[in-house]
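Hello,

Here is the structure I promised to pass on to you. Have a look at it first, and then read on for what turned up in it.

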Amino acid sequence: MRTIWYFTTAQSQENFEKELSNFNVVPNLSNQNFHNKLIRCLALSNNVQVISSRPINNSYKFSTIPAEKVCDKNLTWNYLKVSKSKVSKFLSFKQQISRIISDVKKDDIIFVDTLNFSLLKYAKKIANKFECKIVGICTDNPNNISFMNSPYKTHLLKLGRDLDFYICLTPKLNELYNVNNKKFLVIEGISEEANYETRQIADDYIYFGGSLLEDYGIKELIKAFEQLKINDLKLVIAGHHATQDLLDYIKNKNQVVYLGPVTYQKNLTLQHYSLC
């Protein structure tokens, strides 16, 4: 059976939730959730080796996240050692990956997250070295990533435009990346059976979960909700990238409930019990 080598920042759900408490500012949850689902889907009928460079930021309690390997039947999570120090991370990155992928074969397939420059760069090198096909997983436009400067975004997009196949969340993302008209698949989401937790919010509510960047319209959502003027209805908000300005904006709004980042399971539960 051929092997899929999946380059990502995603983790198993257990590993992600274990590390969650070590962050004051939580990494992007939506990317984690989609890649985790896709990896588990692929592992239903393939050998999957995940090369995971877990996200780390200055709010992480420790200076490094140690390397780890976790096997689950035909799915293996190879977690790279990552450091807050960019120099240490850069020096060890290539060496760690080289040890893991030493047995890549020509008929193996490489999947890669097109939003991570280092992973994309090395995945392309490995595909070229072993003459493997490479699939780009496109979940967002680099121009929407707030912490990247413009030259970096341009370079990242260019790097992701000459792959062999594409899996995209939307047709527009396929148009953005797939400029050479390669084979592609548009997946707008992945569904699976879920076990819901006990309902924790007694009132009826509308739920929003995702990025809380103001450019994405979170304040406009709150203003629109307030125009409904329904006293026994709440707006529940969960997600990452909440600014202090946004927190100050909502703190005195009695019908707006801010939960901060939530786990994948809790997010499903909040969706399940919401009116919409």
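The lining of the second largest pocket is a mixture: nine of its residues are nonpolar, six are polar and eight are charged. Please keep in mind throughout that this is a predicted model. The second largest pocket holds about 500 Å³ of space. In total 23 residues line this pocket, and those closest to its centre are Glu14, Asn36, Arg40, Asp72 and Glu192. Several elements give two or more residues to the lining, namely helix 1 (13-20), helix 2 (29-42), strand 4 (68-72), strand 5 (75-79) and helix 9. Helix 2 supplies the largest share, with four residues.

Next, the enclosed space. Rolling a probe the size of a water molecule over the atoms shows where empty space is left. How many cavities of 30 Å³ or more does a search of the whole structure find? The search gives one. The volume of this largest cavity is about 80 Å³. If you would like to find the cavity on your screen, select the residues that line it: Glu197, Thr198, Arg199, Gln200, Ile201, Tyr205, Lys266, Thr269, Leu270 and Tyr273. Four of the lining residues come from helix 9 (residues 264-273), and that is the largest share. By type, the cavity lining divides into four nonpolar, three polar and three charged residues.

Now to the helices, starting with helix 7.

Helix 7 covers residues 218-228, and its buried residues are Ile218, Lys219, Ile222 and Phe225. Viewed down the helix axis, these buried residues fall within an arc of 120°, so they line one face of helix 7. What do the buried residues of helix 7 pack against? Their partners are strand 11 (204-211), strand 12 (233-240), helix 8 (244-250) and strand 13 (256-260). Lys223 also has its place in helix 7. Buried means under 20% relative accessible area and exposed means over 50%, so Lys223, at 40%, counts as partly exposed. From Lys223 to Ile206 there are 17 residues in sequence, and the two C-alpha atoms are 13 Å apart in space.

Right after helix 7 comes Lys229, which has a positive phi. Most residues other than glycine have a negative phi, and most peptide bonds are trans. For Lys229 the value is near 55°. This lysine sits in the loop between helix 7 and strand 12, and with a relative accessibility of 71% Lys229 counts as exposed.

Glu131 is another residue other than glycine with a positive phi, here near 60°. You will find Glu131 in the loop that runs between helix 4 and strand 8 (133-138). Is Glu131 buried or exposed? Its relative accessibility is 52%, so Glu131 counts as exposed.

Helix 5 is the other helix I would point you to.

In helix 5 (residues 150-159), the buried residues include Lys153, Leu156, Leu157 and Leu159. These residues cover an arc of only 160° around the axis, which puts them on the same side of helix 5. The face turned away from that buried side carries Ser150, Pro151, Thr154 and Lys158, which are exposed. On the buried side, the packing is against helix 4 (117-130) and helix 6 (171-177).

Which residue caps the N-terminal end of helix 5? That residue is Asn149, with a side-chain oxygen 2.9 Å from the backbone nitrogen of Tyr152. Asn149 itself belongs to the loop between strand 8 and helix 5. With a relative accessibility of 47%, Asn149 counts as partly exposed. Asn149 and Asn267 are 118 residues apart in sequence, and their C-alpha atoms are 31 Å apart in space.

If you want a starting point on screen, try the second largest pocket and the four residues it takes from helix 2. From there, you could move on to the cavity of about 80 Å³, and then turn to the buried face of helix 7 and the cap that Asn149 makes on helix 5.

Enjoy looking around, and write back with whatever questions come up.

Best wishes

Terms used. Residues numbered from 1 in each chain as written. Predicted model: local features only at pLDDT ≥ 70, side-chain atom pairs only at ≥ 80, totals over all residues. Heavy atoms only, no water. 1 Å grid on protein atoms, 1.4 Å probe; cavity = no way out; pocket = protein on both sides within 12 Å on 5 of 7 lines; lining within 4 Å. Points joined across faces, edges and corners; volume = space filled by probe spheres on them. Nonpolar A, V, L, I, M, F, W, Y, C, P; charged D, E, K, R; others polar. Buried < 20%, exposed > 50% of the residue type's maximum accessible area, 1.4 Å probe, protein only. Arc of directions from axis to C-beta. Contact = heavy atoms within 4.5 Å. Polar contact = N/O pair within 3.5 Å; in protein donor to acceptor, adjacent residues only side chain to side chain.
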